[in-house]
Amino acid sequence: MDDLQKDDPQRLHEALRAGLPAEALLTDPDVTASYARDMASFCAAGTPAAVVLPRTVEQVRHVMRTATELRVPVVPQGARTGLSGGANASDGCIVLSLVKMDRILEINPVDRIAVVEPGVVNAVLSRAVAEHGLYYPPDPSSWETCTIGGNIGTASGGLCCVKYGVTAEYVLGLDVVLADGRLLRTGRRTAKGVAGYDLTRLFVGSEGSLGIVVGAVLALKPQPPAQLALAAEFPSATAACEAVCAIMERGHTPSLLELMDRTTVQAVNKLARMGLPDTTEALLLCAFDTPDPAADLAAVGELCTAAGATEVVPAADTAESELLLQARRLSLTALETIKSATMIDDVCVPRTRLAEMLDGTAAIADKYRLTIGVCAHAGDGNTHPVVCFDHTDEDESRRARESFDEIMALGLALGGTITGEHGVGVLKKEWLARELGPVGLELQRGIKATFDPLGLLNPGKLF
């Protein structure tokens, strides 16, 4: 066939129908428009020509063969909980939503692996493996709705990263449909394996730009004991960051080490009436899932006090721990109530520069006359500055975007990275080029061209 003309979507629809059940293909413009974007602000989204919801690998292969034949771009999607525009449609594209491929195919307690399709929801997998005494650690804040395929696409993290690491460390192997419809299997099911280049890691974090993940072999861990937490209040963000550095320097391995600044604490108080002190400048939450968590918390409490904590409150049991951690889980929701819109940054810096990152962000908020709350995975230096603004106010929206860029520049200047877990998407592709440099950018574009020579997979993202 000749290249598809943009004004001829009917030809595309007919070609797709040839290999899809009727319910898998959506063409009504009012319906397809609802698949146009993820949750990111300031990210352009186009109008898809069709939305496909496959249930089988062969249906995905048909979509990619059709797309290659007709030269139509394909935008893969999961639950669209992303925050960088990585799942946003481009004009005339096929949106390939993988949420219907939601089967857990295998849970193997001996090999400690799970084999899943990309549409499996993170929390569903976590609960399923728990029935076997196993644990899938990556837990993004959207874990109740986000999918494993989306987690793989952005190499998602979560609250437990300080001890257990991010999604990339749990993906052993992948089944991937390439741009031309071929099926590639990468990686392994074994605990060890170093044969050839590590293509699995290459796909993790690639945001659907190299291929469509249709299956994954995931590593599991034994279920740890229930965690016990404490909350420590500090008179400044700097003092809280000093405590973080002391905790890590002494060799502690908390299962969670989270920080909330004053703006975030006040927003959570207003939303949930949790009784957190309004005078708190920074709240540090620490948890352990070790055999003797009370002893670990006592040692951490001493370090917090030495760093200047005004109060340290350890939980007596797991129920109290959950109450403490609920404040952190409500952070983003609470900050979203301050203004009509938010931009959530995702800058990760070395732990030793964490205080400079928070102080610098506060200065940026003052400079642009904006409310910017910060919650952070403090144990691994991953900060989430949340810029709150009125999207109907043109000047405030401009200041919000400029402050967002200045926060990313600050992170790079401190030896950090523009994204720890949210991905690049549309929102940060200009900044990716700055972080990689010209040689790195050239090589990455070369990799993209090898896997996707026609540039059909998630165009306009990353580069």
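How are α13 and α14 oriented to each other, roughly parallel or roughly antiparallel?

**Entry 1: the helix pair.** I worked from a predicted model. I looked up helix α13, residues 354–367, and helix α14, residues 394–413. Their axes lie 10 Å apart, and the packing angle is about 155 degrees. Angles over 145 degrees count as roughly antiparallel, and α13 and α14 are therefore roughly antiparallel to each other. I also noted the handedness: the crossing of α13 past α14 is right-handed.

**Entry 2: the contact between the helices.** I then listed the residues that meet. From α13 I recorded E356, M357, G360, T361, I364 and K367. Their counterparts in α14 are S403, E406, I407, L410 and G411. By class, I entered four nonpolar, four polar and three charged residues for this contact.

**Entry 3: the second largest pocket.** I next turned to the second largest pocket, for which I noted a volume of about 590 Å³. Its lining comprises 28 residues, and I marked V204, G205, S206, Q444 and L462 as the closest to the pocket centre. I asked which elements give two or more residues to this lining. They are α7, residues 199–203, and α15, residues 429–451. I recorded α15 as the source of the largest share, with six residues.

**Entry 4: the character of the lining.** Which classes of residue line the second largest pocket? I entered 13 nonpolar, ten polar and five charged residues.

Technical notes: Residues numbered from 1 in each chain as written. Predicted model: local features only at pLDDT ≥ 70, side-chain atom pairs only at ≥ 80, totals over all residues. Heavy atoms only, no water. Axes fitted to C-alpha atoms, helices over the stretch in contact; angles between N-to-C directions. Helix = DSSP H or I, 4+ residues; strand = E, 2+ residues; numbered from the N terminus. Parallel < 35°, antiparallel > 145°, perpendicular 65-115°, else oblique. Left-handed = near helix turned anticlockwise from the far one by under 90°. Contact = heavy atoms within 4.5 Å. Nonpolar A, V, L, I, M, F, W, Y, C, P; charged D, E, K, R; others polar. 1 Å grid on protein atoms, 1.4 Å probe; cavity = no way out; pocket = protein on both sides within 12 Å on 5 of 7 lines; lining within 4 Å. Points joined across faces, edges and corners; volume = space filled by probe spheres on them.
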